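Biologist: I would like to take a close look at a single part of this model, and I would be grateful for one connected answer that a first-year student could follow.

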Amino acid sequence: MTNIDKNTPASKMTIGGEIYEAGNAREFKTGDWRSVRPEYIPEKCIQCGLCFPVCPEDAIPVGKDQKRTDFNFDYCKGCGVCAKVCPFGAIVMKTEGE
Amino acid sequence: MSIRERLSGNEAAATAMKQINPDVVAAFPITPSTEIPQYFSTFVDNGMVDTEFVAVESEHSAMSACIGAEAAGARAMTATSANGLSLMWEMIYIASGMRLPIVMSLVNRAVSGPLNIHNDHSDAMGVRDAGWIMLFSETNQEAYDNLLMAHRIAENENVLLPLMVCQDGFITSHSIENIELLEDEKVKEFVGKYIPKHYLLNEKEPVAMGPMDLQSFLFEHKYQQAEAMRNAKQVILDVAKDFEKLTGRKYGLFEEYRLDDAEIAIVCMNSTAGTTKDVVDILREKGIKAGLLKVRVFRPFPAEEIAKALSHVKAVAVLDKADSLNGAGGALFTDITSAMQVNGVQVPTSSYIYGIGGRDTTTKEIESVFNDLMEDSKKEKIENPYRYLGLRKE
């Protein structure tokens, strides 16, 4: 029942917006709040590990090999903190849609 | 056999609450409803109920506590009046939006200012679009009966809306009348156990209530509330039918008093209906075909049914005990005329604002309204539809 979107009819929605399961925050895709987006430039990234701890949304996936990959845009709100902390210019903020 | 008693309206409401024996009552004293939590707290103290009585510090907290309790899975009730209801206002919408079937006893009083503690309907009219079912009561008996029916309506799975039972402050709340009570056991059986489908204290189903509901969803949730309100109409009638089997007392969406063959009719709510019935009887003896339509169910508003019931009369007066201060008649008048217009009923109808701040409304004044209606019924168009009853102008 958390899997609802702007096309879900009233008859398929729970009353009062109630959610009958726990741990559902991940169902709430907040990425569409974004007006600017971070662009990841792997060639410049040396995997220093400074960016992912500062991400408030945990939107920078890190693998078992301790290496980060591209952003998870389902949740990235485009706050730009990661771009600010990156010493190597491996993250550049771009206006959304450009 | 039912129990014959004599009780004030507040005693009747408190007695109903005692027999319903809810899990939680959270209330704050305010004239003229103070006695309801006062009597109820003595029931709690004397061990006559199992209720947790929450002595809150304000009405905002009273409604908040009811919301918390009801969401947790408990049956919660409260009582208030006027400015107490005003202070609840924010939470009134939360209760209905969260679809919590809380039941309130509202003892109608003028909302200040200037300061006035006496009866009119301005408190109830302030929450008429808040998503609560609203039942109005002419007598102490009706205040009692409506409360006994309240939970069966509010908790119905096709409804799940909060409900308030209104009665007139002082006029019924502090007047002692004969009343027929049901035995405790019969009330218990009639009201039944509250078994919520989803509730916060269910450890097997963690549930989030009242979450963020932005542009993509709130519209649909409000539509669901409106649908529930539409569903409530039939549920109210079904519950009334069961109640009639139990007590012999018959309730509909509204009461038609000598309306069948009436040529002129008054529409009103609560205790003024009693005064109007007297006048109708007097006029009928004189051969004047007067009638009354007493609205019991104000929300949901029985638009189609009322329009039909009034379709044969020649003139209608709608009495509002609250001025909407919009320069265009009272709230009940607006609803009634809208109902008639939409259903193709063309009857000259006028608005009377009356009884503000507890101003007495006498049989003589009601008779003057019927006299006006006799004049109106001869005209094609009413020139002055926005009228006052019992007002000193100059």
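In what sense do strand β6 of chain B and β12(B) pair, and over how many bridges? Please start from there and work outwards to the surroundings.

Modeller: Before anything else, please keep in mind that this is a predicted model. Strand β6, which covers residues 133–136 of chain B, pairs with β12(B) in the antiparallel sense, and the pairing runs over two bridges. To find one of the positions involved, look at B:M134, whose bridge partner in β12(B) is B:R299. B:R299 is also joined to B:P300 by a cis peptide bond, with omega at about 0°, and B:P300 itself lies in the loop that runs between β12 and α10 (303–310) of chain B.

The pair belongs to an open sheet of seven strands in chain B, where the order is β3-β2-β4-β5-β7-β6-β12 and the pairing is mixed. The edge strands, each of which pairs on one side only, are β3 (52–55) and β12 (297–299) of chain B. Neighbouring strands of this sheet are turned by 20° against each other on average, if direction is ignored. Helix α3 of chain B, residues 59–72, packs on the sheet and touches β2 (24–27), β3 and β4 (76–80) of chain B, while the helix direction makes about 165° with that of β4(B).

Within the sheet, strand β5 of chain B (residues 103–108) contains B:V103. This residue counts as buried because it has 28 C-beta neighbours inside 10 Å, and 20 or more are enough for that label. Leaving aside neighbours within four places in sequence, B:V103 is in contact with B:M77, B:A150, B:H151, B:A154 and B:L163. B:V103 and B:L147 are 44 residues apart in sequence, yet their C-alpha atoms are 8.0 Å apart in space. In the loop between β5 and α5 of chain B you will find B:G113, which is joined to B:S112 by another cis peptide bond, here with omega at about 10°.

It also helps to see how the chain is divided, since chain B has a domain 1 (3–247) and a domain 2 (254–389). The C-alpha centres of these two domains of chain B lie 28 Å apart, and 29 residues of domain 1 are in contact with 20 residues of domain 2. On the domain 1 side, the elements of chain B that give two or more residues are α5 (122–126), β6, β7 (163–168) and α8 (218–247), so strand β6, where we began, is one of the elements on that list. The largest share of that side, five residues, comes from α8(B). By class, the domain 1 side has 13 nonpolar, 10 polar and six charged residues.

Finally, consider the largest nonpolar core, which has 124 residues and in which B:C66, B:I153, B:A265 and B:V267 have the most contacts. Helix α6 of chain B, residues 140–154, gives the most to this core, with eight residues, and the core draws at least three residues from each of domain 1 and domain 2 of chain B. For B:V267, leaving aside neighbours within four places in sequence, the contacts are B:L293, B:V295, B:V316, B:V318, B:L319, B:L332 and B:I336.

Technical notes: Residues numbered from 1 in each chain as written. Chains lettered and ligands numbered in written order. Predicted model: local features only at pLDDT ≥ 70, side-chain atom pairs only at ≥ 80, totals over all residues. Pairing = 2+ DSSP bridges. Helix = DSSP H or I, 4+ residues; strand = E, 2+ residues; numbered from the N terminus. Axes fitted to C-alpha atoms, helices over the stretch in contact; angles between N-to-C directions. Contact = placed C-beta atoms within 7 Å. Domains from an automatic or database assignment. Nonpolar A, V, L, I, M, F, W, Y, C, P; charged D, E, K, R; others polar. Core = buried A, V, L, I, M, F, W, Y, C linked by C-beta atoms within 7 Å. Buried ≥ 20, exposed ≤ 12 C-beta atoms within 10 Å, placed from the backbone.
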